[in-house]
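Student: Could we go through how the parts of this model pack together, taking one contact at a time?

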Amino acid sequence: MLMPMRRLLEPAVNIFLPPLCALTGERLPHRGMSLSETVIRELVEQGERPYCYHCGRTMLEASANLRHACNACNRRKAPPRMLLRLGEFGGSLSQIILRIKFGGRFELAAAVAPVWHQAITHNLDLLGRPPVDALIPVPLHWRRRVQRGFNQAEELALALARLGHWPVIHALTRRRSTSEQARALGALQRRMNMRQAFTTRPRINLRGQHVWLIDDVRTSGATLAGAARALQQLPLRQRPASVNAIVLCVTQPRAD
Ligand SMILES: [Zn+2]
């Protein structure tokens with residue numbers, strides 16, 4: 001009850017108060033801004049680091065010159081085909097994600113989107129392929145969606161789509177509530193669960209399109225792999241040309 005009330009009152013209160021950075025509390029020069037220059041600079045700097053285009057982990061400049069994959073991904077490539085990200089979990093990026101996800105601070109999705117979009121297009125230019133034909137947010141299970149009231153992946157996809165003029169297609173549904181139960185399981189079991197966790201919506205046709213899954217965080221990669229597999233299992237005449245992914249950040253999987 002408190003959250004909707006706060007959101008309702010915020011615009012009125014904000015008219016009288018100077019705008020402050022949602023993270024650092026610094027005074028902002030313009031209304032409509034949510035993040036300070038300090039935070040934006042930190043994000044831009046993260047977006048410029050070279051990384052593995054499969055797992056998203058930051059790489060040394062020398063090894064990243066290969067512009068392919070880190071050693072681990074070279075040994076074992078799982079779908080999606082390519083992954084682009086803004087940074088690694090930590091610092092301002094993790095605070096932004098937590099505030100969007102658990103605080104419903106949607107304006108932060110819009111605030112981080114320009115830096116994210118810039119980092120994505122920079123890497124797409126470097127790679128020269130594949131194009132972005134559509135964004136597909138990774139869905140939550142309907143029960144979780146109702147509990148939370150929104151899906152952060154959808155909010156992020158919409159903010160990014162506005163800047164890139166990309167269509168957003170809700171192509172997937174999640175058939176299992178995988179989180180709580182799966183946390184107790186090992187990595188292998190989680191991967192197996194994720195294989196059946198997603199299904200495509202009826203009458204979805206992605207034929208010939210290079211589609212990009214959108215999520216806030218990539219941890220083990222099992223969720224993105226599960227979602228990508230569901231799209232790849234569409235009948236041939238509806239199947240996309242490639243399934244890739246864009247995330248805000250990547251985090252190291254837990255050791256298990
Ligand atoms: Zn890698």
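Student: With which handedness does helix 5 pass helix 6 in their crossing?

Tutor: This is a predicted model, in which local features need pLDDT of at least 70, side-chain atom pairs count only at pLDDT 80 or more, and totals for chains, interfaces and linings use all residues. Residues are numbered from 1 along each chain as its sequence is written. Helices (H or I, at least four residues) and strands (E, at least two) are DSSP runs, numbered from the N terminus. A crossing counts as left-handed if the near helix is turned anticlockwise from the far one by less than a right angle, and right-handed if clockwise; that of helix 5 and helix 6 is left-handed.

Student: At what angle do the axes of helix 5 and helix 6 cross?

Tutor: Axes are lines fitted to C-alpha atoms, for helices over the stretch in contact, with angles from 0 to 180 degrees between N-to-C directions. The axes of helix 5 (residues 91-103) and helix 6 come within 9 Å, and their crossing angle is roughly 145°.

Student: Which residues of helix 6 are met by Ile96, Arg99 and Ile100 in helix 5?

Tutor: Contact requires that the C-beta atoms of two residues, placed from the backbone, lie within 7 Å. On this basis, the three residues Ile96, Arg99 and Ile100 of helix 5 meet Leu108, Ala109 and Val112.

Student: Which strands stand at the edges of the sheet?

Tutor: Two strands pair if DSSP finds at least two bridges between them, and the open sheet of 4 strands has the order 1-6-5-2 with parallel pairing. Each edge strand has a single partner, so one side is left without a neighbour in the sheet; these are strand 1 (83-88) and strand 2 (134-137).
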